[in-house]
Amino acid sequence: MKKALITGITGQDGSYLAELLISKGYEVHGVVRREALEDPQHRLTNINHIISSLKLHVGAIDNHLSIYKIISLVKPNECYHLASSSFVSYNFEDESSLLANNFISTHALLAAIKDLVPNCRVYFAGSSEMFGDVKNSPQNESTPFNPRSVYGISKLAAFHLARNYREHHKLFVAAGILYNHESPRRGHQFVTRKISATVAKIHFGLADRLELGNIEALRDWGYAPDYVPAMHAMLQQDKPEDFVVSTGLLHTVEDFLVEAFSVIGLKYEPYTHINPDHFRPGETISLCGDSSKAQKLLNWKPTMSFKQMVKEMVLADIARLKEIQ
């Protein structure tokens with residue numbers, strides 16, 4: 001039986017990946033914070049339904065000794081490094097911890113694997129934010145990186161570290177450069193979940209206003225459960241490579257609003273307030289991915305449409321509210 005270790009197992013991607021690996025007969029291990037075990041009702045929401053099938057380990061991913069002990073105990077065949085800080089902030093302390101979490105955690109993990117289980121195959125979760133202010137669209141694996149945010153910079157630094165371990169230490173490290181991907185398990189700090197959750201509240205009369213920034217912003221939005229099979233497929237290849245995973249289709253935040261409100265039979269305009277304070281710096285060229293390499297070598301392609309995804313998110317938030325009504 002293959003053993004897989006997932007950092008970030010309680011998150012959107014980690015929980016869907018855990019389900020996939022369990023279905024494939026893996027022994028699945030996950031790294032969680034101590035406070036998650038102390039408050040499972042809220043912090044383990046995404047994995048509570050499969051928790052009896054998981055082996056969870058308390059650890060701090062940015063602590064080398066903590067990660068070293070877990071790798072030594074588990075000795076995984078595959079490791080999926082999904083955990084990262086992704087919330088966009090311009091507070092110095094937040095940026096410092098974001099850099100530490102995203103870079104140091106990757107270093108701690110790769111160093112422990114090199115020492116203890118050098119044959120373990122590693123998936124590193126890259127991000128389309130590494131491309132940043134691009135000159136061309138769509139972007140593929142050869143597009144030059146030009147990150148604009150501290151998050152994108154931290155991810156790119158960790159990406160280069162992962163590539164270094166692949167090229168100089170001969171570890172099997174594959175990086176997935178994933179574009180925005182959403183689901184009912186998306187965190188509330190993301191605009192898509194903010195919209196779906198607020199629409200559900202409006203449906204029950206619990207809210208009457210949705211405050212947003214630039215609704216003309218364009219994104220390449222995919223469905224998270226479509227993306228985790230690509231992660232797994234990357235580690236089944238003969239050699240480690242990097243892959244862009246995306247839909248190749250762009251939609252605006254306004255498109256998301258239209259679809260979300262249509263689920264409850266309303267127009268978005270009366271309920272939506274545009275706040276210029278929420279605007280981010282404009283993008284000269286939108287981030288849109290070319291996943292032709294993944295489609296060819298991994299036999300991967302997205303299956304759920306944008307409209308279906310938005311509908312599922314809104315209906316899931318409506319169902320959650322209905323349970324506690």
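Good morning. A residue is called buried when its relative accessible area is under 20%. Please keep that cut-off in mind, as the model before us, which is a predicted one, will be described largely through its buried residues.

Let us begin with the whole protein chain. Of its 325 residues, 49% count as buried. The chain contains 11 helices and 13 strands. Its radius of gyration is 20 Å, close to the 20 Å that the globule rule gives for 325 residues, so the chain is as compact as a globular protein of that length. Along the principal axes, the C-alpha trace spans about 60 × 45 × 40 Å.

Next, the contacts. If we take those between residues at least 6 apart in sequence, 80% join residues at least 24 apart.

I turn now to the surface and the charges. The protein chain exposes about 15,400 Å², and carbon and sulfur atoms supply 50% of that area. There are 34 positive and 35 negative side chains, with the centres of the two sets 6 Å apart.

Finally, I should like to examine one element, helix α11, which covers residues 306–324. Its 19 residues reach 28 Å from the first C-alpha to the last, close to the 27 Å expected at 1.5 Å a residue. Which residues of α11 are buried? They are Phe306, Met309, Val310, Met313, Val314, Ala316, Asp317, Ile318 and Leu321. An α-helix has 3.6 residues a turn, so residues three or four places apart point the same way. And what do the buried residues of α11 pack against? Their partners are the strands β7 (181–182), β10 (222–223) and β12 (251–252), together with the helices α7 (191–203) and α9 (253–263). Thank you.

Methods: Residues are numbered from 1 along each chain as its sequence is written. This is a predicted model: local features need pLDDT of at least 70, side-chain atom pairs count only at pLDDT 80 or more; totals for chains, interfaces and linings use all residues. Side-chain values use heavy atoms; hydrogens and water are left out. Helices (H or I, at least four residues) and strands (E, at least two) are DSSP runs, numbered from the N terminus. The radius of gyration is taken over C-alpha atoms; the globule rule is 2.2 Å times the number of residues to the power 0.38. Buried means under 20% relative accessible area, exposed over 50%, partly exposed in between (1.4 Å probe, protein chains only). Contact means heavy atoms within 4.5 Å. Accessible areas come from the Shrake-Rupley method with a 1.4 Å probe; for residues, only the protein chains shown count as cover. Lys and Arg count as positive and Asp and Glu as negative; His and the chain ends are not counted. The place of a charge is taken as NZ of Lys, CZ of Arg, CG of Asp or CD of Glu. The expected span of a helix is 1.5 Å times one less than its number of residues.
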